[in-house]
Amino acid sequence: YIATVGVERHAINYETPYGEIDFDMWDCAGVEDFGGLRDGYYIKADGVIIMVDIIDWDYINNKKERIKKVAGDIPFVIVRNKSDLRSLSDLHVNEDIIDISVKKKYNLVKPFSRLIDELPRIY
């Protein structure tokens, strides 16, 4: 695992019942020092996956409001990374949050599947 410094772009192709979907994924490091620079990445976005290490609802709500100002009312998926660092009893069950582990490659497809399920509502 190597933490993101700045911004990284990843292209992901995903086959769905609706046909192939091309994700243009922008991994914007979570540090808010340059938050204003990130607004440009949300323009014309069809959906957003917000990934956090812990659930900080103030952070998530602020992030969602900022994105909505730029991109409008688009689907959001909230993902909590590093689930491998906690015991399952420490995880707070919430159907709105997807727990993943990038390090252990656990549950990595689920956030994209959920976002795909939300996309038809905007088209």
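A residue counts as buried when its relative accessible area is under 20%, as exposed when that area is over 50%, and as partly exposed in between (1.4 Å probe, protein chains only). By that rule, 30% of the 123 residues of the protein are buried. The model is predicted: local features need pLDDT of at least 70 and side-chain atom pairs count only at pLDDT 80 or more, while totals for chains, interfaces and linings use all residues. Residues are numbered from 1 along each chain as its sequence is written, and side-chain values use heavy atoms, with hydrogens and water left out.

**The whole chain**

Begin with a cartoon view of the protein, which shows three helices and five strands. Helices (H or I, at least four residues) and strands (E, at least two) are DSSP runs, numbered from the N terminus. Followed from the N terminus, the order of elements is β-β-α-β-α-β-β-α. With a surface displayed, about 8,400 Å² is exposed, and carbon and sulfur atoms supply 52% of it; these areas come from the Shrake-Rupley method with a 1.4 Å probe.

**Strands 1 and 2**

Select strand 1 (residues 7–16) and strand 2 (residues 19–28). The two form a hairpin with two residues between them. They pair in the antiparallel sense over 10 bridges, where pairing requires that DSSP finds at least two bridges between two strands. Within this pairing, Arg9 stands opposite Trp26 in strand 2.

Move next to His10 in strand 1. Is His10 buried, partly exposed or exposed? His10 is partly exposed, because its relative accessible area is 30%. Setting aside residues up to four places away in sequence, His10 touches Phe23, Asp24, Met25 and Asp27; a contact means heavy atoms within 4.5 Å. The C-alpha atoms of His10 and Met25 lie 5.1 Å apart, although the two residues are 15 apart in sequence.

**The aromatic cluster**

Now display the side chains of Tyr14, Phe23 and Phe112, which form one aromatic cluster. Rings of Phe, Tyr and Trp (its six-membered ring) pair if their centres lie within 6.5 Å; planes under 30 degrees apart count as stacked, over 60 as edge-to-face and the rest as tilted. The structure holds two aromatic pairs. The rings of Tyr14 and Phe23 have centres 6.2 Å apart and planes at 85°, so this pair is edge-to-face. Both Tyr14 and Phe23 are buried. The rings of Phe23 and Phe112 are also edge-to-face, because their centres are 5.0 Å apart and their planes stand at 70°. This pair links distant parts of the chain, from Phe23 in strand 2 to Phe112 in helix 3 (residues 110–118), 89 residues apart.

**Helix 3 and its cover**

Select helix 3 and colour its buried residues: Pro111, Phe112, Leu115 and Ile116. They lie on the same side of helix 3, because they cover an arc of only 135° around the axis, taken from the directions from the helix axis to the C-beta atoms. What covers them includes strand 1, strand 2, strand 3 (48–52), strand 4 (76–80) and strand 5 (97–99).

**Strands 3 and 4**

Turn to strand 3, where the side chains alternate. Val48, Ile50 and Val52 point to one face and are buried, while Ile49 and Met51 point to the other and are not. Strand 3 runs parallel to strand 4, to which five bridges join it. Ile50 stands opposite Ile78 in strand 4.

Finish at Lys64, whose charged end sits over the ring of Phe76, 5.5 Å from its centre. The criterion is NZ of Lys or CZ of Arg within 6 Å of the ring centre and within 35 degrees of the ring normal.
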